[in-house]
Amino acid sequence: MLSKRLRQIIELIPDGVGVADIGTDHAQIPIYLARHTRCYPIIAGEKNSGPFQTALQRIRESGMEKLIDLRQGSGLTILRPGEVDWAVIAGMGFKTIIEIIEEAEGVARSLKGLILQPMQKPEELRRWLVENKFQITDEMLVKEDGKLFQIILVQSGQSEKMDEIFYEIGPVLFKKGTPYLTEHIEALISYHQEVLGKIKLGQGKRAQTRIDELKTKIRKFKEVLNQWQRRYSE
């Protein structure tokens, strides 16, 4: 059974397009696409032998081996530019996602849609994407096992400049709204308040600068939260 996180990722993929699932693990996304959509080709990639063999076994058990092209290799390097229109890189650290894109940047920029789901520090991933001319076209929040996960859809192109806090909130999440946006921003406020509480006064100019930065950020988060709540209540 697909998790909420994986179901949300699949909903972003247009029917009938070519798709690659990078770091496919148990091949849940490719198997679902092969069974329930007209997507073609469907390519699944795994770098290491153990996960590759697991994916191969799951694909064979599903009976979808004729529809799924399983390849062993590093990230997007298993693809040729233009071979598929969409790719998924999900369930990895933000640094790993960045490394995968950098390793085969030509392939990444050839995609019409690149779905990214970092397991931590999505703000650092967004910052890198903007600085390296990838446009954030859509974002989703999904709650699974009590935790919020962020899904970021990008393509090659220039993103608009944004205030620092929107690297953490998500510019599209705020623009379009989502049922979990209030919870998301409140969690960011709580996190930064906790960090602020751990910084001791009297530790010098550097500590004071950090305190001022955190207070400014918390104030901005609260302003954005108030804007969203007013808009939502109208």
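How are helix 4 and helix 6 oriented to each other, roughly parallel or roughly perpendicular? Before we dig in: this is a predicted model, where local features need pLDDT of at least 70, side-chain atom pairs count only at pLDDT 80 or more, and totals for chains, interfaces and linings use all residues. Numbering runs from 1 along each chain as its sequence is written, and side-chain values use heavy atoms, with hydrogens and water left out.

**Exercise 1. Work out the orientation of helix 4 and helix 6, then list what touches.**

Step 1: find the helices, which are DSSP runs of H or I with at least four residues, numbered from the N terminus (strands are E runs of at least two). Helix 4 covers residues 94-103 and helix 6 covers residues 122-131.

Step 2: take the axes, lines fitted to C-alpha atoms over the stretch in contact, with angles from 0 to 180 degrees between N-to-C directions. These two come within 9 Å and cross at roughly 25°.

Step 3: apply the cut-offs: under 35 degrees is roughly parallel, over 145 roughly antiparallel, 65 to 115 roughly perpendicular, and the rest oblique. Helix 4 and helix 6 are therefore roughly parallel.

Step 4: look for contacts (heavy atoms within 4.5 Å). Helix 4 brings Phe94, Ile97, Ile98, Ile101 and Glu102, while helix 6 offers Glu124, Leu125, Trp128 and Leu129. That set splits into seven nonpolar, no polar and two charged residues. For the sorting, Ala, Val, Leu, Ile, Met, Phe, Trp, Tyr, Cys and Pro count as nonpolar, Asp, Glu, Lys and Arg as charged, and the others, Gly among them, as polar.

**Exercise 2. Do the job again for helix 1 and helix 2.**

Step 1: helix 1 (residues 4-11) packs on helix 2 (residues 28-36) at about 50°, axes 11 Å apart. That makes helix 1 oblique to helix 2.

Step 2: Leu6, Ile9 and Ile10 of helix 1 meet Gln28, Ile29, Tyr32 and Leu33 of helix 2. The tally here is six nonpolar, one polar and no charged.

**Exercise 3. Find the backbone oddities on either side of helix 2.**

Step 1: Ala27 lies in the loop between strand 1 (19-22) and helix 2. Its phi is positive, about 60°, although Ala27 is not a glycine.

Step 2: in the loop between helix 2 and strand 2 (42-46) sits Pro41. The Tyr40 to Pro41 peptide bond is cis, with omega near -5°.
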